[in-house]
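Student: Please take a single helix of this chain and go through it closely, with its surroundings. I would like to know what covers it, which charged side chains pair there, and how it sits in the whole.

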Amino acid sequence: CLLFDFRNHGTSDAYLGGGTFLGLTEWEDMRAAARWTQQRFPSMMAAFVGTSTGAVSATIAAAQDEFVGGYVRCIVAENPFSSIRKMAQYVVSNVGFRILLCKKNRLAFALSYPAMIIVRLFTVAKIQLELTKAGRRRVPSCLQAAKKVPVPML
């Protein structure tokens, strides 16, 4: 069993200014972990198990990298999110506005709705801009990647 921190998580060093990219760069850490494991334990089989960003990272790694797709025998993906847009929608709408800002008050939520839409769009745009600057604009969403994964997924 190999456990590790993704870049910008836990005690790992900051990468691209810090912060998470919700699996869109972290999948490279999964690829590195698979290669490291295969080099040190060549006769052992591997499976990826991930939750949330870990699930997204495992799925994208198996879809994007031929070695990973051939080495990993299965993926257990717990609570992955389908795309950055959907994740931003959930976090901004439900957590940011509905729970923290509006305290579940329907009137306050209705009045803040236009601002919420703008914040959601800026959140997605900021993540996409950072990915573009890092040369990773073409990384698929988890949903797109799941369609290409060559191993069983749970």
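Tutor: What follows is a close look at helix α1, then at its partners and at the core it helps to build.

The model is predicted, and every value below is computed from it. First, the setting. The chain has six helices and two strands, and from the N terminus these elements run α-β-α-α-β-α-α-α. Of its 154 residues, 40% are buried. Taking contacts between residues at least 6 apart in sequence, 74% join residues at least 24 apart. The accessible surface is about 9,300 Å², and carbon and sulfur atoms hold 60% of it.

Helix α1 covers residues 27-40. Its geometry can be checked against an expected rise: with 14 residues at 1.5 Å each, α1 should span 20 Å, and because its end C-alpha atoms are 20 Å apart, the two values agree.

Next, the side of α1 that is covered. Trp-27, Glu-28, Asp-29, Met-30, Ala-33, Ala-34 and Thr-37 are the buried residues of this helix. They pack against β1, α2 and α3. An α-helix has 3.6 residues a turn, so residues three or four places apart point the same way.

One of the buried residues in α1 carries an acidic side chain and deserves its own note: Asp-29, in helix α1, has a relative accessible area of 16% and therefore counts as buried. Apart from neighbours within four places in sequence, Asp-29 is in contact with Phe-4, Phe-6 and Arg-7.

Now the charged pairs. Side chains of opposite charge can pair when their charged atoms come close. The count of salt bridges comes to two. In one of them, Asp-65 pairs with Arg-31, with 3.7 Å between the closest N and O atoms. Asp-65 is in the loop between α2 and α3 and Arg-31 is in helix α1, so this pair links distant parts of the chain, 34 residues apart. In the other, the side chains of Asp-65 and Arg-35 meet at 3.2 Å, N to O. Arg-35 also belongs to helix α1, so its pairing with Asp-65 ties together parts that are 30 residues apart in sequence. Through the shared partner, Arg-31, Arg-35 and Asp-65 form one network.

The members of this network differ in exposure class. Asp-65 has 8% relative accessibility and so counts as buried. Arg-31, at 25%, counts as partly exposed, and Arg-35 is partly exposed as well, because its relative accessible area is 36%.

Helix α2 is one of the elements against which the buried residues of α1 pack. It has 12 residues, which should span 16 Å at 1.5 Å a residue; its end C-alpha atoms are 16 Å apart, so α2 agrees with the expectation. Of these 12 residues, 11 are buried, including Gly-54, Val-56, Ser-57 and Ile-60. The cover over the buried residues of α2 includes α1, β1, α3, β2 and α6.

The next level up is the core. Nonpolar side chains tend to be buried together in soluble globular proteins. The largest nonpolar core here has 28 residues, among which Phe-48, Ile-60, Val-68 and Ile-75 touch the most other members. Helix α1 supplies at least two residues of this core, as do β1, α2, α3, β2, α5 and α6. The element that gives the most is α2, with seven residues. As for Ile-75, its contacts beyond four places in sequence include Phe-48, Ala-58, Ala-62, Val-149 and Leu-154. A second, separate core has five residues, with Val-92, Phe-97, Cys-102 and Phe-109 among them.

Last, the surface. Leu-2, Phe-4, Trp-36, Phe-41 and Met-44 make a nonpolar surface patch of about 470 Å². Within this patch, Met-44 is placed in the loop between α1 and β1. Phe-4, another member of the patch, is also one of the contacts of Asp-29.

To put the parts together: α1 packs its buried residues against β1, α2 and α3, contributes to the largest core, and holds Arg-31 and Arg-35 in a network with Asp-65.

Conventions
Residues numbered from 1 in each chain as written. Predicted model: local features only at pLDDT ≥ 70, side-chain atom pairs only at ≥ 80, totals over all residues. Heavy atoms only, no water. Core = buried A, V, L, I, M, F, W, Y, C linked by side-chain atoms within 4.5 Å. Buried < 20%, exposed > 50% of the residue type's maximum accessible area, 1.4 Å probe, protein only. Helix = DSSP H or I, 4+ residues; strand = E, 2+ residues; numbered from the N terminus. Contact = heavy atoms within 4.5 Å. Patch = residues over 30% accessible without salt bridge, like charges linked within 9 Å, V, L, I, M, F, W, Y side chains within 5 Å. Areas by Shrake-Rupley, 256 points an atom, 1.4 Å probe, with all protein chains shown as cover. Salt bridge = Lys/Arg side-chain N within 4 Å of Asp/Glu carboxyl O. Expected span 1.5 Å × (residues − 1).
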